Amino acid sequence: MNGEDIFKSIVSGEDQSILGDVARAGLSLLSKGYKKAVTMRNAKFDANKGVVKVSVPVISVGNITAGGTGKTPMVRLICDILGQKGFHPTVLSRGYRAKDNSQNTIISKHGSILVEPEESGDEAWLLAKVLPKSSVIIGRNRIESARIAIEELGADYLVMDDGFQHRALHRDKDIVLIDASNPFGYEHVLPRGLLREPLSGLQRANIIVLTKVDQVAPGIVSGIRKRLTQMIPNVPVYETTHKPQFMYTLDEWANGSVGASVDAYKEQRIMAVSGIGNPQSFTQTLTDVGYNVVHTVPFGDHHDFSNDDVVEIWKEAFAHQADAICITEKDAVKLSQLHAIEDLKIPILVLSIGIEFVSGKQEFIENLEI
């Protein structure tokens, strides 16, 4: 069990040991300070202090919890929708785990990628790869990124990736994603839970999108909806699933080749490897497609894979008699750069995943309009 798994077992209450109780008590004290700081910060922005409005519409995609909720496929979907309407959107990303995100850097310009993954961070580079007509900029200063996008790239729409808590840049639409499998971050703000801010922050949202609703019981989804209705009664709520789109070999993915159908390798024994916020969700997706997942190797979110990791992955695959290893697109960004991956004597498969609406997609598109 890695550090991230230990932390989640404590904050979720799964760890019922005395040490777990002590840890939760300590984290609760830290959460009080964090909550106070966040509340004071939000009060400043609520008073419209320090907020900059730019000349083009801004759509923010974010969440209220730490961890993966599906922001990358949602940003991709929104950019595709805007592109089909004739707009030229630019994605503004913080550039988490980039080499230097203190500088504002153009990662891609109208679909042409300008830097290597280590310069941009995995998520920003993945967006640049899958958005053939859009541009991507990273940088902590989103206001400066917005200026570059408008003045240098001719953007007529801005899409903020992970922007719900980045409030200095005015947004015209705040879209908040909520993972149905862990919707409210164990009911506590960081570090006692996974909430980035108190749940009252959801009152700023214009649209709520529940993700991965197929991975929980219908009654759970109904319960989430009921609670959201009580908190934010006038905000539309949409239900989505993470739908597999294509299965690639790692070489096909890296070279931009056409992928196979998602079940093309279904006869193979698969080992799932992922460095994402919710590795169980990835394994569940493979199982739902019909794959026999013989083992799962989870790494921490945004894990920086090394050649030593590749050796360990191979050992695990050999020990569990896997015929192939399956990874996410986000992890493919980093693993495709490692020389050791070329020496593996086992196929590496990459599953691409998109967002699919259970219903109401047209209404969602109409709600995007500004």
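Two rings of Phe, Tyr or Trp, the last taken by its six-membered ring, form an aromatic pair if their centres lie within 6.5 Å. By this criterion, the structure, a predicted model, holds eight aromatic pairs.

Begin by selecting tyrosine 238 and phenylalanine 357, which make up one of these pairs. The ring centres are 6.2 Å apart and the planes meet at 70°; because an angle over 60 degrees counts as edge-to-face, the pair of tyrosine 238 and phenylalanine 357 is assigned to that class.

Next, display the strands that carry the two residues. Tyrosine 238 belongs to strand β9 (residues 237-249) and phenylalanine 357 to strand β13 (residues 348-357). With the two positions 119 residues apart, the contact links distant parts of the chain. Tyrosine 238 is buried at a relative accessible area of 4%, and phenylalanine 357 is likewise buried, at 10%.

Keep phenylalanine 357 selected and add phenylalanine 364. The centres of these two rings are 4.8 Å apart, and their planes stand at 45°, so this pair is tilted. Phenylalanine 364 is buried, with 0% relative accessibility. Showing the three residues together reveals one aromatic cluster, formed by Tyr238, Phe357 and Phe364.

The last stops concern charged side chains placed over rings. Select tryptophan 253 and lysine 129: the lysine lies over the face of the tryptophan, at 4.3 Å from the ring centre. Then move to phenylalanine 184, where arginine 227 lies over the ring face at 4.4 Å from the centre.

Definitions and conventions: Residues are numbered from 1 along each chain as its sequence is written. This is a predicted model: local features need pLDDT of at least 70, side-chain atom pairs count only at pLDDT 80 or more; totals for chains, interfaces and linings use all residues. Side-chain values use heavy atoms; hydrogens and water are left out. Rings of Phe, Tyr and Trp (its six-membered ring) pair if their centres lie within 6.5 Å; planes under 30 degrees apart count as stacked, over 60 as edge-to-face and the rest as tilted. Helices (H or I, at least four residues) and strands (E, at least two) are DSSP runs, numbered from the N terminus. Buried means under 20% relative accessible area, exposed over 50%, partly exposed in between (1.4 Å probe, protein chains only). A charge sits over a ring if NZ of Lys or CZ of Arg is within 6 Å of the ring centre and within 35 degrees of the ring normal.
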